[in-house]
Structure formats: structure tokens, C-alpha cells
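Subject: Structure for your files

Dear colleague,

Here is the structure I said I would pass on. My notes on it follow below the entry.

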Amino acid sequence: MNSGDILSFAAAIGIVVIMVCIVHPPWAAPDAAAGETAPTPMTTLPVTTPAAPAPIKTFVPVRIEYAHQPVIKYQTYIIPDNLTTFGMSDPPWRGANITSFAYLEGSYGGVTDPFSVSYPVWRLNCSVSKGEQPENARFKMMLIEKETGIIIDGAELKGPGKVIKNQEISGKEFYLVIQSSYAAFRVDLETRDEYLDSYPGVVVKKA
């Protein structure tokens with residue numbers, strides 16, 4: 001091979017080396033091709049479990065029944081004709097957090113079993129519904145302390161309606177005397193919800 005051929009061959013090799021350096025420069029990172037962007041690593045967000053809803057408290061009121069032959073077991077009263085001495089309906093409580101913890105309902109009168117109330121503040125919510133003869137409906141109620149026989153409170157309704165009697169006496173035994181004619185009535189013993197967990201409630205005893 002003459003010197004001319006050697007120069008031509010060397011020039012060809014030089015051109016190839018230059019082209020390789022242009023296309024794949026040795027200083028470029030081996031895993032990053034020209035024009036490509038390195039992938040961004042994915043971030044896994046923590047899974048948040050929704051909080052379980054608070055359980056809803058249910059409160060079942062105690063049904064108060066009429067006593068069997070109460071006259072021979074404790075002092076009872078004949079309800080007087082006029083109960084206006086005990087005043088009219090008391091002002092309703094503000095707010096809606098009120099629960100019935102005991103009740104009495106029916107359409108005839110009688111004397112209930114004795115019951116004790118531990119709530120420091122409670123009330124008697126008496127209502128008469130509209131019956132077949134609403135003009136003749138009459139309802140009377142007396143709350144009596146069993147130990148002393150003292151009449152604590154009284155209420156009267158002539159016709160359908162509602163009367164509320166607030167009480168601030170507790171820790172004693174009481175009973176109700178009811179007189180009813182042509183009246184379907186319900187007496188709810190109610191207190192504020194804030195007292196339900198702090199005090200044991202109502203205890204009913206057979207007379």
C-alpha cells in the first residue's frame with residue numbers, strides 16, 4: 001500500500017470518529033439520550049380512613065301504669081272541681097334537647113304506681129288529643145308526694161290542648177292522680193338531655 005492510500009484510509013477513519021463524537025458525545029450520560037427527560041419518581045399518598053360516625057343514643061321512656069287498688073296502699077285524693085290554684089301552663093323550655101323519660105297515656109282516670117325521679121329539673125307535659133266529642137273533653141292531673149301526701153302540682157285541660165308543669169323537686173317518690181272524660185291524653189315526664197347521663201332516671205315501683 002502506497003502512502004496515498006494510507007492517507008486516504010486514515011482520513012476516512014478520522015471522519016467516522018468525528019461523526020460518532022457528534023452523534024454520541026463521550027461526555028454525555030450513558031442513560032440520558034439527547035432530547036429525552038429523566039422520568040419523575042411517583043409519590044404514593046397515604047390512604048386516609050374516614051372516621052366512624054358516633055353512635056346515636058336511643059332512650060326508651062318508661063311506661064307508668066295505674067296501680068291496682070291504690071286506696072288500700074297509700075293516700076289518694078278526689079280531684080277538686082277547680083285546679084286553677086296551681087296556675088296555668090308554665091313557660092316552655094328553650095332549645096330542642098329535651099327527652100321523655102317516662103309517660104302515661106290512656107282515656108280514663110286512675111291512680112298510678114309510685115315512681116321516683118332523680119333529675120334535678122323535669123316537667124310534666126300533658127296533652128289531650130281531639131276526640132269524638134272535643135267540646136266535652138275534660139282532663140285533670142295531680143302530682144302527689146307519696147311519703148307526705150302533699151299535692152305538689154296540678155293541671156287541667158278543657159278540650160284538646162297542652163299544659164306543661166315544670167318541677168324542681170327530685171329524689172322522692174311521687175304518684176299521679178288522673179281524672180279524664182271524653183279525653184285521650186298523654187302525660188310525658190321530660191328532662192333536658194344534659195341530665196340523662198349524669199342521673200339514673202326514673203324508677204317505677206308497684207303500689
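Which residues does asparagine 125 touch, not counting residues up to four places away in sequence? They are Lys162, Val163, Ile164, Arg186, Val187, Asp188 and Glu190. Please bear in mind throughout that this is a predicted model. Asparagine 125 is found in strand β5, and with a relative accessible area of 10% it is buried, because the cut-off for that class is under 20%. One of the residues it touches is also a polar partner: the side chains of asparagine 125 and glutamate 190 make a polar contact at 3.4 Å.

Overall architecture

The protein has one helix and 11 strands. Along the sequence the helix comes before the strands, in the pattern α-β-β-β-β-β-β-β-β-β-β-β. Of the 207 residues, 31% are buried. Among contacts with a separation of 6 or more, 86% are between residues 24 or more positions apart.

Strand pairing

Five of the strands form an open sheet with mixed pairing, in the order β1-β2-β10-β5-β8. Its edges are β1 (62–63) and β8 (161–167), each of which pairs on one side only. Within this sheet, β2 (residues 98–106) and β10 (residues 184–192) run antiparallel and are joined by eight bridges. Glycine 106 stands opposite phenylalanine 185 in β10.

Strand β9 (172–181) has several antiparallel partners to report:

- Strand β3 (residues 110–111) is joined to β9 by two bridges, and valine 111 stands opposite valine 177.
- Strand β4 pairs with β9 over three bridges, and valine 117 stands opposite lysine 172.
- Strand β6 pairs with β9 over eight bridges, and phenylalanine 139 stands opposite serine 180.

Aromatic residues

There are seven aromatic pairs in the structure. In one of them, phenylalanine 101 and tyrosine 119 meet edge-to-face, 4.8 Å centre to centre and with 70 degrees between the planes. This pair links distant parts of the chain: phenylalanine 101 lies in strand β2, and tyrosine 119 lies 18 residues apart from it in the loop between β4 (115–117) and β5 (122–129). Phenylalanine 101 counts as buried because its relative accessibility is 1%. Tyrosine 119 is buried too, with a relative accessible area of 1%.

Phenylalanine 101 also pairs edge-to-face with tryptophan 122, at 6.5 Å centre to centre and 70 degrees between the planes. Here the link is from strand β2 to strand β5, between residues 21 positions apart. Tryptophan 122 is buried, with a relative accessible area of 0%. Ring pairs join Phe101, Tyr119 and Trp122 with Phe115 and Phe174 into a cluster.

Two arginines have their charged ends over aromatic rings. For arginine 123 the ring is that of tryptophan 93, with 4.7 Å to its centre. For arginine 186, which is also among the residues that asparagine 125 touches, the ring is that of tyrosine 103, with 4.3 Å to its centre.

Nonpolar cores

In soluble globular proteins, nonpolar side chains tend to be buried together. In this model the largest nonpolar core has 29 residues. Which of its members touch the most other members? They are Phe115, Trp122, Leu124, Phe139, Met141, Leu176 and Leu189. Strands β2, β4, β5, β6 (138–145), β7 (151–158), β9 and β10 each supply at least two residues of this core. The largest share, four residues, comes from β5.

Phenylalanine 115 belongs both to this core and to the ring cluster. Leaving aside residues up to four places away in sequence, phenylalanine 115 touches Ile64, Trp122, Leu143, Lys172, Glu173, Phe174, Tyr175, Leu176, Leu189, Val202, Val203 and Val204. Its contacts therefore include Trp122, Leu176 and Leu189, which are also members of the core.

A second, separate core has nine residues, including Ala67, Val111, Ile144 and Val177. Val111 and Val177 are the residues that stand opposite each other in the pairing of β3 with β9.

Regards

Methods: Residues are numbered from 1 along each chain as its sequence is written. This is a predicted model: local features need pLDDT of at least 70, side-chain atom pairs count only at pLDDT 80 or more; totals for chains, interfaces and linings use all residues. Side-chain values use heavy atoms; hydrogens and water are left out. Two strands pair if DSSP finds at least two bridges between them. Rings of Phe, Tyr and Trp (its six-membered ring) pair if their centres lie within 6.5 Å; planes under 30 degrees apart count as stacked, over 60 as edge-to-face and the rest as tilted. Buried means under 20% relative accessible area, exposed over 50%, partly exposed in between (1.4 Å probe, protein chains only). A charge sits over a ring if NZ of Lys or CZ of Arg is within 6 Å of the ring centre and within 35 degrees of the ring normal. A nonpolar core is a set of buried Ala, Val, Leu, Ile, Met, Phe, Trp, Tyr and Cys residues joined through side-chain atoms within 4.5 Å. Contact means heavy atoms within 4.5 Å. A polar contact is a pair of N or O atoms within 3.5 Å; within protein, one must be able to donate a hydrogen and the other to accept it, and residues adjacent in sequence count only if both atoms are side-chain atoms.
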